[in-house]
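Student: Please show me the sequence and the structure, so that we may discuss them together.

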Amino acid sequence: MPQTQTPSRQTVSPPPPDLTDQEVARLKAMLKARIRELSEQDSDLRARLASPPSAKANTFVAGTEGAMAAEADDEVIALLQHEQAELVAAQHALERIDNGVYGYCMECGVSIGLARLEVLPDAQLCVDCQDMMEHRKGR
Ligand SMILES: [Zn+2]
(Lines give C-alpha, C1' and ligand atoms only; values in the text may rest on other atoms or scores of the structure.)
Protein backbone atom coordinates (compact mmCIF):
# COMPACT_ATOMS: atom_id res chain seq x y z
CA MET A 1 0.00 0.00 0.00
CA PRO A 2 1.88 2.88 -1.39
CA GLN A 3 1.74 5.80 0.87
CA THR A 4 3.44 8.91 -0.23
CA GLN A 5 6.00 9.64 2.32
CA THR A 6 6.88 13.19 2.87
CA PRO A 7 10.55 13.41 2.08
CA SER A 8 12.48 13.49 5.27
CA ARG A 9 13.68 16.94 5.96
CA GLN A 10 17.27 17.18 4.92
CA THR A 11 17.81 20.74 5.86
CA VAL A 12 20.84 21.03 7.99
CA SER A 13 19.88 23.60 10.49
CA PRO A 14 22.56 25.49 12.31
CA PRO A 15 22.95 24.53 15.91
CA PRO A 16 20.04 25.95 17.81
CA PRO A 17 20.80 28.80 20.10
CA ASP A 18 20.94 26.58 23.08
CA LEU A 19 21.44 29.33 25.56
CA THR A 20 19.20 32.31 25.88
CA ASP A 21 20.71 35.76 26.11
CA GLN A 22 19.83 35.80 29.75
CA GLU A 23 21.60 32.53 30.41
CA VAL A 24 24.67 33.69 28.57
CA ALA A 25 24.62 36.92 30.54
CA ARG A 26 24.41 34.97 33.76
CA LEU A 27 27.28 32.68 32.81
CA LYS A 28 29.27 35.68 31.71
CA ALA A 29 28.75 37.26 35.12
CA MET A 30 29.86 34.01 36.73
CA LEU A 31 32.99 33.97 34.64
CA LYS A 32 33.79 37.57 35.45
CA ALA A 33 33.31 36.93 39.15
CA ARG A 34 35.55 33.90 38.81
CA ILE A 35 38.23 35.93 37.09
CA ARG A 36 38.09 38.54 39.84
CA GLU A 37 38.34 35.84 42.47
CA LEU A 38 41.26 34.20 40.73
CA SER A 39 43.11 37.47 40.30
CA GLU A 40 42.80 38.10 44.01
CA GLN A 41 44.00 34.61 44.74
CA ASP A 42 46.83 35.25 42.35
CA SER A 43 48.16 38.32 44.14
CA ASP A 44 47.62 36.53 47.42
CA LEU A 45 49.72 33.59 46.35
CA ARG A 46 52.37 35.81 44.85
CA ALA A 47 52.59 37.70 48.11
CA ARG A 48 53.09 34.43 49.91
CA LEU A 49 55.84 33.50 47.54
CA ALA A 50 57.54 36.84 47.72
CA SER A 51 57.64 37.11 51.46
CA PRO A 52 60.69 35.30 52.75
CA PRO A 53 60.07 33.33 55.88
CA SER A 54 62.54 35.56 57.64
CA ALA A 55 60.31 36.04 60.64
CA LYS A 56 60.35 32.33 61.24
CA ALA A 57 63.96 31.88 60.28
CA ASN A 58 65.05 32.91 63.74
CA THR A 59 62.76 30.51 65.51
CA PHE A 60 63.14 27.50 63.28
CA VAL A 61 66.68 26.89 62.35
CA ALA A 62 67.31 25.08 59.10
CA GLY A 63 66.99 21.31 58.98
CA THR A 64 63.55 19.91 58.50
CA GLU A 65 61.95 23.32 58.84
CA GLY A 66 63.95 24.57 55.92
CA ALA A 67 62.81 21.65 53.82
CA MET A 68 59.24 22.26 54.87
CA ALA A 69 59.47 25.87 53.79
CA ALA A 70 60.65 24.76 50.38
CA GLU A 71 57.78 22.34 50.17
CA ALA A 72 55.34 25.08 51.09
CA ASP A 73 56.75 27.15 48.25
CA ASP A 74 56.25 24.29 45.85
CA GLU A 75 52.69 24.08 46.99
CA VAL A 76 52.14 27.78 46.42
CA ILE A 77 53.68 27.48 42.97
CA ALA A 78 51.44 24.55 42.15
CA LEU A 79 48.43 26.53 43.31
CA LEU A 80 49.54 29.47 41.23
CA GLN A 81 49.88 27.35 38.12
CA HIS A 82 46.49 25.80 38.68
CA GLU A 83 44.92 29.16 39.23
CA GLN A 84 46.62 30.62 36.16
CA ALA A 85 45.22 27.82 34.03
CA GLU A 86 41.75 28.47 35.37
CA LEU A 87 42.13 32.15 34.76
CA VAL A 88 43.10 31.58 31.15
CA ALA A 89 40.20 29.17 30.67
CA ALA A 90 37.75 31.69 32.08
CA GLN A 91 39.13 34.41 29.83
CA HIS A 92 38.88 32.15 26.81
CA ALA A 93 35.29 31.38 27.72
CA LEU A 94 34.53 35.11 27.74
CA GLU A 95 36.15 35.43 24.33
CA ARG A 96 34.03 32.59 23.03
CA ILE A 97 30.93 34.34 24.30
CA ASP A 98 31.95 37.43 22.36
CA ASN A 99 32.61 35.33 19.28
CA GLY A 100 29.27 33.60 19.58
CA VAL A 101 30.77 30.14 19.82
CA TYR A 102 30.31 29.76 23.52
CA GLY A 103 28.55 26.69 24.86
CA TYR A 104 29.56 24.32 22.08
CA CYS A 105 32.07 21.56 22.43
CA MET A 106 35.36 22.56 20.82
CA GLU A 107 35.96 18.98 19.87
CA CYS A 108 32.71 17.71 18.36
CA GLY A 109 30.56 20.82 18.26
CA VAL A 110 27.59 19.60 20.23
CA SER A 111 26.07 22.01 22.65
CA ILE A 112 27.57 21.54 26.05
CA GLY A 113 24.34 22.24 27.82
CA LEU A 114 23.36 24.72 30.45
CA ALA A 115 23.51 22.27 33.33
CA ARG A 116 27.17 21.56 32.71
CA LEU A 117 28.00 25.19 32.02
CA GLU A 118 26.44 26.28 35.25
CA VAL A 119 28.81 24.05 37.12
CA LEU A 120 31.71 24.72 34.80
CA PRO A 121 31.15 28.00 33.01
CA ASP A 122 34.51 27.68 31.31
CA ALA A 123 33.90 24.18 29.98
CA GLN A 124 35.22 23.81 26.45
CA LEU A 125 34.21 20.24 25.89
CA CYS A 126 31.07 18.20 26.23
CA VAL A 127 31.04 15.46 28.83
CA ASP A 128 31.89 12.78 26.27
CA CYS A 129 34.90 14.57 24.83
CA GLN A 130 36.06 15.55 28.28
CA ASP A 131 35.93 11.90 29.25
CA MET A 132 37.87 10.88 26.20
CA MET A 133 40.43 13.57 26.83
CA GLU A 134 40.99 12.42 30.36
CA HIS A 135 41.33 8.83 29.30
CA ARG A 136 43.82 9.75 26.64
CA LYS A 137 45.82 11.87 29.05
CA GLY A 138 45.54 9.57 31.99
CA ARG A 139 47.86 6.72 32.70
ZN1 LIG B 1 32.26 16.93 22.39
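Tutor: What follows is a set of questions and answers on this structure. This is a predicted model, in which local features need pLDDT of at least 70, side-chain atom pairs count only at pLDDT 80 or more, and totals for chains, interfaces and linings use all residues. Residues are numbered from 1 along each chain as its sequence is written.

Student: Which pattern do the helices and strands follow along the protein chain?

Tutor: Helices (H or I, at least four residues) and strands (E, at least two) are DSSP runs, numbered from the N terminus. The protein chain has five helices and zero strands. Read along the sequence, the pattern is therefore α-α-α-α-α.

Student: What span does α1 reach from its first C-alpha to its last?

Tutor: The expected span of a helix is 1.5 Å times one less than its number of residues. For α1, with 30 residues, the expected value is 44 Å. The span in the model is close to this, at 43 Å.

Student: Which residues of α1 are buried?

Tutor: A residue is buried if 20 or more other C-beta atoms lie within 10 Å of its own, exposed if 12 or fewer, and partly exposed in between, with C-beta atoms placed from the backbone. Buried residues make up 11% of the 139 residues in the protein chain. In α1 they are L27, L31 and L45.

Student: Why does I35 count as partly exposed?

Tutor: I35 is also found in helix α1. Its C-alpha atom is separated by 5.9 Å from that of L87, 52 residues apart along the chain. I35 counts as partly exposed because its C-beta neighbours inside 10 Å number 19.

Student: Is S43 buried or exposed?

Tutor: S43 is found in helix α1. From C-alpha to C-alpha, S43 and L80 are 9.4 Å apart in space, and 37 residues apart in sequence. Because S43 has 9 C-beta neighbours inside 10 Å, it counts as exposed.

Student: Which elements give two or more residues to the largest nonpolar core?

Tutor: A nonpolar core is a set of buried Ala, Val, Leu, Ile, Met, Phe, Trp, Tyr and Cys residues joined through C-beta atoms within 7 Å. The largest one has ten residues in all: L27, L31, A90, A93, Y102, I112, L117, A123, L125 and C126. The elements that give two or more of these are α1 (21-50) and α3 (63-99).

Student: With which residues is A93 in contact, leaving aside its neighbours within four places in sequence?

Tutor: Two residues are in contact if their C-beta atoms, placed from the backbone, lie within 7 Å. A93 belongs to the largest nonpolar core. Its contacts are L31, Y102, P121 and D122.
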